Amino acid sequence: MRKAILAVAIVLLAIVVGGGFVFRNELRFIRVFVPETVGMIAAGDGLYVDPAMTAEQTAAVRSLRQSAEDRLHDVFPDVITAPSIIACATEECFRSFGGTAQRALSFGDRAILLSPRGLTLPILTHERSHNELYAWLWGWRGAFFAVPRWFDEGLAVTVSQEPTHAEAVWDDIERLGRARPALTELVGFGDWGRAVRTYGDGNPQGLKVVYATAG
């Protein structure tokens, strides 16, 4: 019952924040909270894998999750979250849950959805940072605080050590004189989406300008 209520709340928030795109995907997002009922295979300890995954791939995802937890503990010594991990081996699987061009998606402190492109240590650790910050600031361990989007994403960039978001990328952005957002442009969810469209992957060098700025 609690998962169902949480899923509905996330959907309503997503509709307000994301508009039409999310409205088309909202029902698919709910599937993240009931992965077994939509055909995903329970692999133990909250891990659910695409039926298309081999035993070797499943073992690799399990090892990946442990490595991500180790990296998370380097920044959050007292880790308080243990979200479900839904790992897709195909883009069809990812789209069935509402995913599109993202490599991964996190849902509060409850779940992470990984695309085939997101089955990497930096990406999973990035999403785990989102889970953990959410739990510390919005969950039972603390009062309700609002943090700017740049802080949430910037912390995740730092924790994940994702090469495409790294400090070296920021150095290239400065060296090339690329336009970059001010932090005041990265406060809310809507701000982040607009900044990615304005400063993002369309630049000739393919630099992840917004994520590197937040980092």
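**Reading Arg65, a hairpin, a disulfide and a helix**

Me: Let's start with Arg65: is this residue buried or exposed?

Reply: Buried, because its relative accessibility is 14% and the cut-off for buried is under 20%. Bear in mind that this is a predicted model.

Me: Where does Arg65 sit, and which residues is it in contact with once neighbours within four places in sequence are left aside?

Reply: Arg65 belongs to helix α3, residues 55-75. As a general idea, an α-helix has 3.6 residues a turn, so residues three or four places apart point the same way. Beyond those sequence neighbours, Arg65 is in contact with Gly44, Asp45, Gly46, Leu47, Ile85 and Leu124. A polar atom of the Arg65 side chain also lies 2.6 Å from the backbone oxygen of Asp45. As for Thr120, it is 55 residues from Arg65 in sequence, with 9.3 Å between the C-alpha atoms.

Me: Asp45 came up twice there. How should I read the strands around Asp45?

Reply: In a regular strand, side chains alternate between the two faces of the sheet. Here, β1 (residues 41-44) and β2 (residues 47-49) run antiparallel, joined by 3 bridges. Ile41 stands opposite Val49 in β2. The two strands make a hairpin with 2 residues between them, and Asp45, in the turn, has a positive phi of about 55°.

Me: On to cysteines. How many disulfides does a search of the whole structure find?

Reply: A disulfide is a covalent bond between the sulfur atoms of two cysteines. The search turns up 1, joining Cys88 to Cys93 with 2.2 Å from S to S. The link between Cys88 and Cys93 is left-handed, at -60° about the S-S bond.

Me: Are its two ends buried or exposed?

Reply: Cys88 is buried, at a relative accessible area of 0%. Cys93 counts as buried too, because its relative accessibility is 8%.

Me: Last one: how do I check the length of helix α6?

Reply: Compare the expected span with the distance between its ends. Helix α6 has 12 residues, 149-160, so at 1.5 Å a residue it should span 16 Å; the end C-alpha atoms are 16 Å apart, which agrees. Right after α6 comes Gln161, with a positive phi near 60°.

Me: And how enclosed is α6, and what covers its buried residues?

Reply: 9 of the 12 residues in α6 are buried, so the helix is largely enclosed by the rest of the structure. Among them are Asp152, Leu155, Val157 and Val159. The cover over the buried residues includes α3, α5 (121-138), α8 (189-199) and α9 (209-214).

Key. Residues are numbered from 1 along each chain as its sequence is written. This is a predicted model: local features need pLDDT of at least 70, side-chain atom pairs count only at pLDDT 80 or more; totals for chains, interfaces and linings use all residues. Side-chain values use heavy atoms; hydrogens and water are left out. A disulfide is a pair of cysteine sulfur atoms within 2.5 Å. Buried means under 20% relative accessible area, exposed over 50%, partly exposed in between (1.4 Å probe, protein chains only). Two strands pair if DSSP finds at least two bridges between them. Contact means heavy atoms within 4.5 Å. A polar contact is a pair of N or O atoms within 3.5 Å; within protein, one must be able to donate a hydrogen and the other to accept it, and residues adjacent in sequence count only if both atoms are side-chain atoms. The expected span of a helix is 1.5 Å times one less than its number of residues.
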